[in-house]
Amino acid sequence: MDKGVGHRPGRRLHRDRVTSFTLTATATDPITGLSGSRQATFTVNNAVAPLIGARGGNTNSLALFNTANATIGPLNCSKIFYSTILPAAFPGSVESTYPAAVTPVVCYKTMNTNVQSYVASVTRPLWLVYHQEPEGDYATGAQFVSEFMSQAVLIRQMNNPLVKVVYCAAGYPYRTGGDAQALAGNYIVPASSVDVYAKDVYQDKGAIYPSLGLSNYPIFQNWLAFVEGKGKPLAITEYGIGSTGTTTDRQQRIALDCGYLRTLPPGQLAMWQYWWANQSPTDVTQQYQFTDVPTISTWRAVISGSL
Amino acid sequence: MPQAPTVTSVTFDQPSYQPGQLITATMTYTKGKSDLVNTLTGTATDPVTGLSGHLDQTFTIANQITDTTTPSVSDPPARTWTKVSDTGLVAVFTATA
């Protein structure tokens, strides 16, 4: 959860995986045994939609996820938090109880070597985040990057292709005039140590959501400038629009951001998660949960790819 | 001289496919040709003994007979192609993407 509160022609919100095949056509004369041939290529596009999901509330509770899944789903990814170390193994963990179609994004905060026993035991696609939203937690970004890279080495030594190494950036420190280390790009992990660059981004606390959404939101754009050329997939692993306007406002801004995210180069967006919870009983800018039919329909259109 | 068949073109009904879609590939080809090969047998016969000697020799009549030609396609090891038509000049194949 964030401590504070971001053109090209349109495309569908999916990742293209185009495979090329070569067809060989042959004509054979059975009398002489002679033959002639020619080759031509065609492609098969195994397009993969980005994972679209949500966190169901402020705990890892499966019940909360199930409520979100039933209300705004089907959801196929959700964030899980460990405030210190990971469990020693994936089996028996709360994330292992989530529906099989859900990719857990598991965040942990304490460096340890038992990350290897956990990774070795993972039996489904899973994203692993060391110290999510590190910006502002360290004296220097370099210190975080060093820690992250050491964890990445431990994770990759287990050679489990189901586990992706993910760096997840905060939102607020990237605001204009925000954290100097973040705005200098000092928290950005080298591409060689990461599989996905992820970002958490919300309506800024006490402020309205930008009229043009992510496309002109410094919290998002200042971060994007650091990572979009690194050749790695991008993800939004927390996203929320407060209840400052009408439901129509929120619905339209989700649609607006979906349209913007479509303009990212093909293959870039790997995940988009909504933070379907209310963080404050009084501050409407932090009340992200929506239950109105039009906004649910819009989010479901994001899921289906029809938006 | 016999002439080998040639494949003159291969085209698809669309440039790209989604998994599960039907791919239709059309090939045009020319048939192979062969010459008529004849065998001449020379025989020398001794009428007294009745013995004879033989020698076979072939000669070719370059009549360029057009042969029945078999078209086929493959994209190993990906998929199975089915021939759905063949006019002798144009053959159509389908497979599942």
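**Two chains, one shared sheet**

Let me begin inside chain A, where A:Phe144 and A:Phe148 are four residues apart in helix H3, residues 141–156, and are therefore separated by about one helical turn. I should say at once that what we are looking at is a predicted model, and that what I report about side chains should be heard with that in mind.

A pair of aromatic rings is described by the distance of the centres and the angle of the planes. The structure holds 26 aromatic pairs when all chains are taken together, and one of them is formed by A:Phe144 and A:Phe148, a tilted pair with 5.8 Å from centre to centre and 55° between the planes.

Now to the interface. The contact between the chains draws 35 residues from chain B and 25 residues from chain A, and the area buried between them is about 2,100 Å², with carbon and sulfur atoms giving 62% of that figure. On the chain B side, the residues that lose the most area to chain A are B:Pro5, B:Val7 and B:Phe12, which together make up 22% of what that side buries.

What sort of polar interactions does the rule find across this interface? There are nine residue pairs in polar contact, both residues of each pair being at pLDDT 80 or more, whereas the number of salt bridges found between chain B and chain A is zero.

If we ask which elements of chain B give two or more residues to the side that touches chain A, they are strands S1 (6–12), S2 (16–17), S3 (22–30), S4 (33–45) and S6 (70–74). Strand S1 of chain B gives the most, with six residues, and by class this side of chain B has 18 nonpolar, 13 polar and four charged residues.

The strand pairing is where the two chains come together in one element, for four strands form an open sheet in the order S2(B)-S2(A)-S1(A)-S6(B), with mixed pairing. The edges are S2 and S6 of chain B, each of which pairs on one side only.

Taking the S6(B) edge, strand S1 of chain A, residues 18–28, is joined to S6(B) by five bridges, and these strands run antiparallel; within S6(B), B:Thr70 is the bridge partner of A:Thr28. At the other edge, strand S2 of chain A, residues 35–45, is joined to S2(B) by two bridges, and here the strands run parallel, with A:Val44 standing opposite B:Tyr17 of S2(B).

Notes
Residues are numbered from 1 along each chain as its sequence is written. Chains are lettered from A and ligands numbered from 1 in the order in which they are written. This is a predicted model: local features need pLDDT of at least 70, side-chain atom pairs count only at pLDDT 80 or more; totals for chains, interfaces and linings use all residues. Side-chain values use heavy atoms; hydrogens and water are left out. Contact means heavy atoms within 4.5 Å. Buried area is the accessible area (1.4 Å probe) that two parts lose on being put together, summed over both. A salt bridge is a side-chain nitrogen of Lys or Arg within 4 Å of a carboxyl oxygen of Asp or Glu. A polar contact is a pair of N or O atoms within 3.5 Å; within protein, one must be able to donate a hydrogen and the other to accept it, and residues adjacent in sequence count only if both atoms are side-chain atoms. Ala, Val, Leu, Ile, Met, Phe, Trp, Tyr, Cys and Pro count as nonpolar, Asp, Glu, Lys and Arg as charged, and the others, Gly among them, as polar. Two strands pair if DSSP finds at least two bridges between them. Rings of Phe, Tyr and Trp (its six-membered ring) pair if their centres lie within 6.5 Å; planes under 30 degrees apart count as stacked, over 60 as edge-to-face and the rest as tilted.
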